[in-house]
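Biologist: I would like a close look at one part of this model, taken slowly, and then a sense of how it fits with the rest. Could you pick a spot and talk me through it?

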Protein chains: 2
Amino acid sequence: MSLLVVGSIGIDTVETPTEKRADQLGGSAIYFSYAASFYTKVHLVGVVGKDFPSVHRTLLESREIDLSGLESAEGKTFRWTGRYHENMIDRDTLKVDLNVFGSFDPKVPEAAREIDFLFLANGAPSVQAKVLKQMKRRPKFVAADTMDLWIETTRGDLEVLLKDIDALVINDSEARMMTGQRELLRAGLDILELGPPIVIIKKGEHGALVVTRDGHFAVPGFPLEKVVDPTGAGDTFAGGILGYLAETGDTSPANLRRAVAHGAVVASYTVQDFSLEQLKRIKRGDLDNRYAMLLDLVRIPE
Amino acid sequence: MSLLVVGSIGIDTVETPTEKRADQLGGSAIYFSYAASFYTKVHLVGVVGKDFPSVHRTLLESREIDLSGLESAEGKTFRWTGRYHENMIDRDTLKVDLNVFGSFDPKVPEAAREIDFLFLANGAPSVQAKVLKQMKRRPKFVAADTMDLWIETTRGDLEVLLKDIDALVINDSEARMMTGQRELLRAGLDILELGPPIVIIKKGEHGALVVTRDGHFAVPGFPLEKVVDPTGAGDTFAGGILGYLAETGDTSPANLRRAVAHGAVVASYTVQDFSLEQLKRIKRGDLDNRYAMLLDLVRIPE
């Protein structure tokens, strides 16, 4: 089955403690789409400015990502500059230019309004809700990401959205902020009360905790000897999850576990280089091999 | 098979963001022994002062812990006062009085010198090495803990010890400090090079990463809705691991995984209350039930 994603497309400048890379392809919808494209047909809805390099468009097309919902608006593409701390987890945003993304009013193309799997990447909850309303029928599975900004400034809108989605994907620190709970299990249970039957709490290098009405699931981050740039890890994690769910068409609790493990695998490749560089080097077979390694990593023999 | 532990015994005063408890039983060897006693016969070697309350001795005896190696010296028992930060991970040591522990010169009782499983709880590496030398034959399995103090001040001694043990149990931050590596897998691999074939890196609420020459294993922390006091989590984690290995007499890679999972389970009970309070309320069956829940938590269906 195919998968629709609506979110940001940006040009990023990223500094790590050891390196700096300017003007790279980034944005939540980009990372998500590229990761999900290993699993299923992806339709991307987003906006770029007239300055968006055609080479990026070509790259996405090479992954057979449908760009009919990619709007090209007068003005410049969204830009973000950030610097990671020594711990490679915390980061400071040095500069944000929303540009054309500031007035982004997503329009899902007619042909994509019956897609069964939908990911509402991080954005204003009211805009996320508008996208969901554009669908001709309720998709089989809707997941959304959010961030501290929306939790703080548009909490009411976010709580409305939460009643209409199947899964919330959220960072550990944001889950804590949203609920005032330090323990992630407690935070996840509190978010379940707000509506979504599945809460996927991202813990960076420590993997994820999935809290659901049917039970809970923990997956570690795939251990790496070297992390180059964490940018996009969370979005490619979500891309792997939704991509696998859409590929299999199976949203059962058992298959959700497999999907989350695939998400962890794709995210582990993402952080091995800047931007999409490492993902551009791999094939689906590499993901499946690392997935098998992840299965072995967590296996507790009977 | 039985299990010998050598380490500290203390009276702790602990402050969390919400509560303070004074004069509680603590110390690495105490936490370790109590946890391991659910699995196997434990011999404890340590030192207390004349002020050590007899009620603590009675408690340990109720767990059939052999106290023939518990020395009672002139002076006062080791005392530690600490305060946890809001994140319940970082802590400040407010006060340390080594007292009789400052000149601790462990003597393993004759009858305990042929025990097959040995845990050298956190202490000066030269003292840990002296204990190992007292054994009549090389135990089947020797594990040791260490801390930042020894890594910084007695690195040479520590490196000598590392060549003689089977497993090092170490905190994530200490593994990073010891190796200068941020990624825990890389840190673990670097420590393997120093000698021990097994490196067990403790990650607090995030569980542990086990790096071995035979492959790696990740276990999450058992998710809890409430953490009351993290003190002793690492020592009871080690107690569960060594206790299970000694109970089964099996140090194979597969059984090490089961043992580490048991360690995570005991540690999860420890942090649910101050000192040994929660462990005092549970039975082996509770550990086995939570172990089954942990198996389900990490299960990725085929």
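Modeller: Happily! One definition first: two strands count as paired if DSSP finds at least two bridges between them. Please also keep in mind that this is a predicted model.

Let's look at the end of the sheet in chain B where strand S13 lies. Strands S12 (residues 208-212) and S13 of chain B are antiparallel and joined by 5 bridges. One facing pair is B:Thr212, which sits opposite B:Gly215 of S13(B). Helix H9 of chain B, residues 253-270, packs on the sheet here and touches strand S11 (198-202), S12 and S13. The direction of this helix makes about 20° with that of S13(B).

Now step back to the whole sheet. In chain B, 9 strands make an open sheet with mixed pairing, and their order is S5-S4-S1-S8-S9-S10-S11-S12-S13. Strands S5 (66-73) and S13 (215-219) of chain B are the edges; each has a single partner strand, so one side of each has no neighbour in the sheet. From one strand to the next, the twist averages 15°.

How do the two chains relate? Chain A superposes on chain B by a rotation of 180° with 0.0 Å of shift along the axis, at an RMSD of 0.0 Å. The two copies are thus related as by a two-fold rotation axis. Both copies use the same surface, as 100% of the contact residues of chain A recur in chain B.

That brings us to the contact itself, to which chain A and chain B give 29 residues each. On the side of chain A that touches chain B, the elements giving two or more residues are helix H7 (184-193), strand S13 (215-219), helix H9 (253-270) and helix H11 (284-298). This side of chain A has 17 nonpolar, 3 polar and 9 charged residues.

As for chain A as a whole, it has 11 helices and 13 strands. Its radius of gyration is 18 Å, close to the 19 Å that the globule rule gives for 302 residues, so chain A is as compact as a globular protein of that length. Buried residues are 51% of the 302 in chain A.

Strand S7 of chain A (residues 91-97) is a place to see the open side of things: of its 7 residues the number buried is 0, so this strand lies largely in the open. Strand S6 (residues 78-84) of chain A runs antiparallel to S7(A), with 6 bridges between them. A:Tyr84 has A:Arg91 in S7(A) as its bridge partner. The hairpin of S6(A) and S7(A) has 6 residues between the strands, and A:Met88 there takes a positive phi near 60°.

For a buried residue, go back to chain B and find B:Glu174 in helix H6 (residues 172-179). B:Glu174 has 20 C-beta neighbours inside 10 Å, so it counts as buried. Beyond its neighbours within four places in sequence, B:Glu174 is in contact with B:Thr146, B:Met147, B:Asp148 and B:Ile151. B:Thr146 is 28 residues from B:Glu174 in sequence, and their C-alpha atoms are 8.4 Å apart.

Key
Residues numbered from 1 in each chain as written. Chains lettered and ligands numbered in written order. Predicted model: local features only at pLDDT ≥ 70, side-chain atom pairs only at ≥ 80, totals over all residues. Helix = DSSP H or I, 4+ residues; strand = E, 2+ residues; numbered from the N terminus. Axes fitted to C-alpha atoms, helices over the stretch in contact; angles between N-to-C directions. Contact = placed C-beta atoms within 7 Å. Least-squares fit on C-alpha atoms with pLDDT ≥ 70 in both. Rg over C-alpha atoms; globule rule 2.2 N^0.38 Å. Buried ≥ 20, exposed ≤ 12 C-beta atoms within 10 Å, placed from the backbone. Nonpolar A, V, L, I, M, F, W, Y, C, P; charged D, E, K, R; others polar.
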